[in-house]
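The exercises below concern a predicted model. Work through each task before reading its solution.

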Amino acid sequence: MITTHVLDTALGQPGIGIEVTLCRQNESSPDQNGWTSVSKGITNHDGRIPGWLDDQPALLPGIYRIRFELDDYFSQLGQSAFYPFAEIVFRVENPAQHFHIPLLLSPFSYSTYRGS
C-alpha cells in the first residue's frame with residue numbers, strides 16, 4: 001500500500017485540492033520518459049486521498065514516482081509558486097510493506113520523508 005498526504009507548513013493546514021499522480025517506472029525503459037500511471041487523485045479536506053489504490057492490483061517491486069501539481073493550489077491561495085510541481089521518486093522492494101510518503105510544502109520549499 002502507498003499512501004500520501006500534503007501539509008502546507010506555511011499555513012499550518014492540510015493541502016486541499018492538490019492533484020496527485022502515482023506512476024511506476026517501466027523496467028524495459030528506465031529512462032525519464034518510461035513511466036506508467038498507476039493512480040490519480042485529489043487531496044481532500046485533510047490533505048489525503050482516501051481509497052487511492054483500492055481498485056488497483058497489488059503493488060510490484062520497482063521504482064515509483066508521486067507527482068504533486070502545485071500551481072493551481074497556490075493560485076487559489078493568491079500566491080505564486082516557485083515550484084509548479086513536486087516529484088518524489090522512491091523504491092519499493094517489499095510490496096507487502098506500507099509506504100506512506102507525505103509532502104510538506106510552502107510556496108518556496110518542500111520536503112518529504114518515509115512515514116508510517
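**Exercise 1.** Find the residue in E10 that is the bridge partner of Leu104, and place the two strands in their sheet.

Solution.
- Step 1. Leu104 has Ser111 as its bridge partner in E10.
- Step 2. E9 and E10 run antiparallel and are joined by 4 bridges.
- Step 3. The sheet is open and has 4 strands, ordered E3-E2-E9-E10, with mixed pairing.
- Step 4. The edges are strand E3 (13-14) and strand E10 (109-112); each has a single partner strand, so one side of each lacks a neighbour in the sheet.

**Exercise 2.** Determine which residues of the largest nonpolar core touch the most other members, and which elements give two or more residues to this core.

Solution.
- Step 1. The core holds 23 residues, and those that touch the most other members are Ile2, Ile66, Phe68 and Phe90.
- Step 2. Two or more residues come from each of strand E4 (19-25), strand E6 (62-69), helix H1 (71-76), strand E7 (85-92) and strand E9 (103-106).
- Step 3. E7 gives the most, with 4 residues.
- Step 4. Take Ile2 and leave aside residues up to four places away in sequence: Ile2 touches Leu22, Trp52, Leu53, Leu59, Tyr64, Ile66, Phe90 and Phe99.
- Step 5. As a general background, nonpolar side chains in soluble globular proteins tend to be buried together.

**Exercise 3.** Classify the aromatic pairs Tyr73 with Phe74 and Phe82 with Tyr83, and decide whether each of these residues is buried, partly exposed or exposed.

Solution.
- Step 1. The count of aromatic pairs comes to 4.
- Step 2. The ring centres of Tyr73 and Phe74 lie 5.1 Å apart with the planes at 70°, so this pair is edge-to-face; the cut-off for that class is over 60 degrees.
- Step 3. Tyr73 has a relative accessible area of 5% and is buried; Phe74, at 1%, is buried.
- Step 4. Phe82 and Tyr83 also form an edge-to-face pair, with 4.9 Å from centre to centre and 85° between the planes.
- Step 5. Phe82 is exposed, with a relative accessible area of 56%, while Tyr83 is partly exposed at 30%.
- Step 6. Phe82, Tyr83 and Tyr110 make up one aromatic cluster.

**Exercise 4.** Which rings lie under Arg65 and Arg67?

Solution.
- Step 1. For Arg65 the ring is that of Trp35: the charged end sits over it, 4.5 Å from its centre.
- Step 2. For Arg67 the ring is that of Phe85, and Arg67 lies over its face at 3.6 Å from the ring centre.

How values were computed:
Residues numbered from 1 in each chain as written. Predicted model: local features only at pLDDT ≥ 70, side-chain atom pairs only at ≥ 80, totals over all residues. Heavy atoms only, no water. Core = buried A, V, L, I, M, F, W, Y, C linked by side-chain atoms within 4.5 Å. Buried < 20%, exposed > 50% of the residue type's maximum accessible area, 1.4 Å probe, protein only. Contact = heavy atoms within 4.5 Å. Phe/Tyr/Trp six-rings, centres within 6.5 Å; stacked < 30°, edge-to-face > 60°. Lys NZ or Arg CZ within 6 Å of the ring centre and 35° of its normal. Pairing = 2+ DSSP bridges.
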